[in-house]
Amino acid sequence: MTRNPVERALMARGVDSALARRLREEKWTLAKLQLQRPEKLLELGLSESVVPKILGKGRPPIPLDVLIKTLYDNRWVCCVCRDAERPVIVHHIKSWAESRDHSPANLAVLCSIHHGEAHSTHALELTLTADRLKADKAVWEQDVSRLDPLAIFKATPANELPVVVLQSPQGFRNCRTRRSGCYEAPGISSGSSQWGL
């Protein structure tokens with residue numbers, strides 16, 4: 001996740017992550033952007049829906065702590081397609097105009113493609129409805145919370161894993177939690193008083 005305050009400020013106002021990064025790299029700050037005419041902001045690639053938010057005329061920005069929590073809980077990945085290569089946008093499941101709700105429960109991380117789908121209606125196709133977004137978000141956040149400890153575990157070298165000493169009929173055994181087998185702890189025999197067991 002970016003620690004850059006310019007990128008975070010732009011994303012809080014609805015700018016996708018790739019455009020926020022590009023604008024920062026081009027030395028744009030929120031303050032500089034707010035001094036521009038709407039036409040210039042459109043030339044820079046900002047959408048018509050984002051321009052008023054940059055100029056302070058639209059909805060208030062998503063509070064930074066809520067933005068960070070939402071992005072972190074979703075690992076900066078779209079909850080629909082889970083494609084880590086796509087830029088993301090934090091989307092209001094129930095629109096801000098209706099809900100006035102910036103809570104994490106009302107926010108979903110979407111790629112630009114699925115963000116477009118969330119704002120579109122199709123006569124013959126299944127659209128990305130609020131109910132579907134809530135369901136996809138819930139499944140993705142549950143998967144993330146389950147997979148994070150596994151990823152950390154797999155990324156930890158075996159010699160840094162905690163050692164579990166088990167007592168068995170054959171004596172004390174030293175088991176690295178990733179290894180399926182155990183090996184005897186050197187210098188430790190069953191009933192050893194140095195363990196206080």
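# Close-up views of a predicted model

Of the 197 residues in the protein, 38% are buried. The model is predicted.

**Figure 1. Overview of the elements in the protein.** The protein holds 9 helices and 5 strands. Starting at the N terminus, the order of elements is α-α-α-α-α-α-β-α-β-α-α-β-β-β. Take the contacts between residues at least 6 apart in sequence: 47% of these join residues at least 24 apart.

**Figure 2. The crossing of helix 1 and helix 2.** Two packed helices are described by the angle between their axes and the distance between the axes. Here helix 1 (5-12) packs with helix 2 (residues 17-25) at an angle of about 140°. Their axes lie 9 Å apart. Angles over 145 degrees would count as roughly antiparallel; helix 1 and helix 2 are therefore oblique to each other. The crossing of helix 1 past helix 2 is right-handed. Helix 1 brings Val 6, Glu 7, Leu 10 and Met 11 to the contact. Helix 2 brings Ser 17, Ala 20, Arg 21, Leu 23 and Arg 24. Sorted by class, this contact of helix 1 with helix 2 has 5 nonpolar, 1 polar and 3 charged residues.

**Figure 3. The buried side of helix 2.** Ser 17, Leu 19, Ala 20 and Leu 23 are the buried residues of helix 2. Around the axis they cover an arc of only 165°, so they sit on the same side of helix 2. An α-helix has 3.6 residues a turn, so residues three or four places apart point the same way. The packing partners of the buried residues of helix 2 are helix 1, helix 3 (30-34) and strand 1. Ser 17, Ala 20 and Leu 23 are buried, and these residues also take part in the contact with helix 1.

**Figure 4. The buried face of helix 6.** Helix 6 spans residues 64-73. Val 66, Leu 67, Thr 70 and Leu 71 are buried in this helix. Viewed down the axis of helix 6, these buried residues fall within an arc of 125°, so they line one face of the helix. They pack against helix 1, strand 1 (88-92) and strand 2 (107-111). Strand 1 also packs against the buried residues of helix 2.

**Figure 5. Positive phi values after helix 6.** Most residues other than glycine have a negative phi, and most peptide bonds are trans. Arg 75, just after helix 6, takes a positive phi of about 55°. Trp 76 is not a glycine either, yet its phi is positive, at about 60°. Trp 76 belongs to the loop between helix 6 and strand 1. Its relative accessibility is 18%, so Trp 76 counts as buried; the cut-off is under 20%.

**Figure 6. Arg 100 in the loop between helix 7 and strand 2.** Arg 100 lies after helix 7 (96-99), in the loop that leads to strand 2. Its phi is near 55°, a positive value in a residue other than glycine. Arg 100 is exposed, because its relative accessible area is 55% and the cut-off is over 50%. Trp 76, by contrast, is buried.

**Figure 7. The surroundings of His 114 in helix 8.** His 114 is part of helix 8, which covers residues 112-118. With a relative accessible area of 9%, His 114 is buried. Leaving aside residues up to four places away in sequence, His 114 touches Cys 78, Val 80, Cys 81, Arg 86 and Leu 128.

Notes. Residues numbered from 1 in each chain as written. Predicted model: local features only at pLDDT ≥ 70, side-chain atom pairs only at ≥ 80, totals over all residues. Heavy atoms only, no water. Buried < 20%, exposed > 50% of the residue type's maximum accessible area, 1.4 Å probe, protein only. Helix = DSSP H or I, 4+ residues; strand = E, 2+ residues; numbered from the N terminus. Arc of directions from axis to C-beta. Contact = heavy atoms within 4.5 Å. Axes fitted to C-alpha atoms, helices over the stretch in contact; angles between N-to-C directions. Parallel < 35°, antiparallel > 145°, perpendicular 65-115°, else oblique. Left-handed = near helix turned anticlockwise from the far one by under 90°. Nonpolar A, V, L, I, M, F, W, Y, C, P; charged D, E, K, R; others polar.
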